[in-house]
Amino acid sequence: MRIETDLKLGFKDVMIRPKRSTLKSRAQVSLERNFKFLHSGASWSGVPIFAANMDTVGTFEMALVLAKEQIFTAVHKHYSVEEWQAFLSVLAPECLPYIAVSTGTGKNDAKKLNDILTLNPALQFICIDVANGYSEHFVEFLKQTRLQYPDKVIVAGNVVTGEMVEELLLAGADIIKVGIGPGSVCTTRVKTGVGYPQLSAIIECADAAHGLGGHIISDGGCVTPGDVAKAFGAGADFVMLGGMLAGHEESGGELVEIDGSSFKQFYGMSSTTAMNKHVGGVAEYRASEGKTVSIPFKGKVIHTLMDILGGLRSTCTYVGASRLKELTKRTTFIRVSEQENRIYNE
């Protein structure tokens with residue numbers, strides 16, 4: 001046993017300090033990023049935000065809307081090959097760079113992944129997603145996937161420490177998904193005591209990844225557009241959103257009426273709800289590590305998306321960053337004990 005005594009921070013612990021700016025308008029800010037990936041050698045341009053690969057968020061309907069805005073969707077892994085075939089038949093070719101095919105590491109996952117990628121070889125992104133990215137089995141699956149698909153961009157996670165980021169990059173990943181336990185419907189930290197404050201995880205993992213020419217996705221913990229800005233300011237190349245994109249017309253989850261108001265179901269992918277739906281229940285050797293909640297119906301996702309992007313542009317004007325790429329270089333975090341005046345939020 002050992003104790004690390006240096007302070008680790010989450011989004012609620014900091015704010016971004018404003019700096020002098022020559023920008024006259026938010027309209028002058030470009031949120032587009034251009035990346036070339038470590039192993040695949042592929043290049044990509046777009047707004048580096050991901051819809052999470054949860055079945056209440058990473059839907060085909062979500063992907064169709066977000067791709068038109070040059071934003072990623074990590075499509076969840078529970079669609080069948082036949083459903084993928086139907087989706088790809090209506091997907092415009094220019095939308096393909098903004099679609100990632102998610103997969104687990106089980107016995108049948110590799111075959112299903114190959115079947116989907118065979119439907120359209122132009123699908124470029126693979127997301128290997130497990131809750132615990134520290135297992136040898138996961139690393140071995142990543143290595144085999146890289147050997148099979150040398151020209152694909154591989155996203156792998158989740159981890160929260162620099163040394164594991166380096167191991168996954170060396171094993172063949174292009175982009176590392178960072179985050180254990182920060183999600184709004186994740187209870188891993190409560191059930192297991194395991195986790196890492198998200199802001200510190202981003203800072204440490206980005207440093208490790210960028211030193212090797214890799215990239216990271218901040219996955220989880222964003223509640224407001226300001227949190228998205230903090231994630232980019234801390235060094236994240238991409239930011240993945242779950243709860244912020246849940247509850248919309250394009251989101252998954254059952255739409256229900258409660259006392260005359262509309263709500264949508266939202267749940268973690270390790271919740272009892274998800275495991276009952278996809279694997280026949282919670283195995284006797286494990287515990288549920290996710291919540292199931294009903295959130296107010298938010299309408300079309302494009303309105304929420306514009307609010308997020310508008311907030312991000314505003315952040316850039318406050319620190320003098322004309323491009324999103326410059327935000328991390330223009331960011332100084334200050335530690336705080338309060339974030340907002342909540343007198344009218346009670």
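# Strand S6 and two annotated glycines

An unreviewed UniProt entry lists Gly-181 and Gly-183 under "binding site". The model described here is predicted. Two topics follow: the loop that holds these glycines, and strand S6 with its neighbours.

**The annotated glycines**

- Gly-181 lies in the loop between strand S8 (175-178) and helix H6 (188-192), and the loop between S8 and H6 also holds Gly-183.
- Gly-181 has a relative accessible area of 13%, which is under 20%, so Gly-181 counts as buried.
- Gly-183 has a relative accessible area of 26% and is therefore partly exposed.
- Leaving aside residues up to four places away in sequence, Gly-181 touches Cys-186, Thr-188 and Arg-189.

**How S6 is covered**

- Strand S6 spans residues 125-129, and 5 of its 5 residues are buried.
- On one side of S6 are Phe-125, Cys-127 and Asp-129, and on the other are Ile-126 and Ile-128; both faces are covered.
- In a regular strand, side chains alternate between the two faces of the sheet.

**Strands paired with S6**

- Strand S5 (residues 99-103) runs parallel to S6 and is joined to it by 4 bridges.
- Within this pairing, Ser-102 stands opposite Cys-127 in S6.
- Strand S7 (residues 153-159) also pairs with S6 in the parallel sense, over 5 bridges.
- Here Cys-127 stands opposite Val-155 in S7.

**Crossovers**

- S5, helix H3 (residues 109-119) and S6 form a right-handed β-α-β unit.
- From S6 the chain passes through helix H4 (residues 136-148) to S7, and this β-α-β crossover is right-handed.

Terms used: Residues are numbered from 1 along each chain as its sequence is written. This is a predicted model: local features need pLDDT of at least 70, side-chain atom pairs count only at pLDDT 80 or more; totals for chains, interfaces and linings use all residues. Side-chain values use heavy atoms; hydrogens and water are left out. Buried means under 20% relative accessible area, exposed over 50%, partly exposed in between (1.4 Å probe, protein chains only). Helices (H or I, at least four residues) and strands (E, at least two) are DSSP runs, numbered from the N terminus. Two strands pair if DSSP finds at least two bridges between them. A crossover is right-handed if, with the strands pointing away from the viewer, the path from the first strand over the helix to the second runs clockwise. UniProt positions are given in the numbering used here, feature names are shortened, and annotations may be inferred rather than shown by experiment. Contact means heavy atoms within 4.5 Å.
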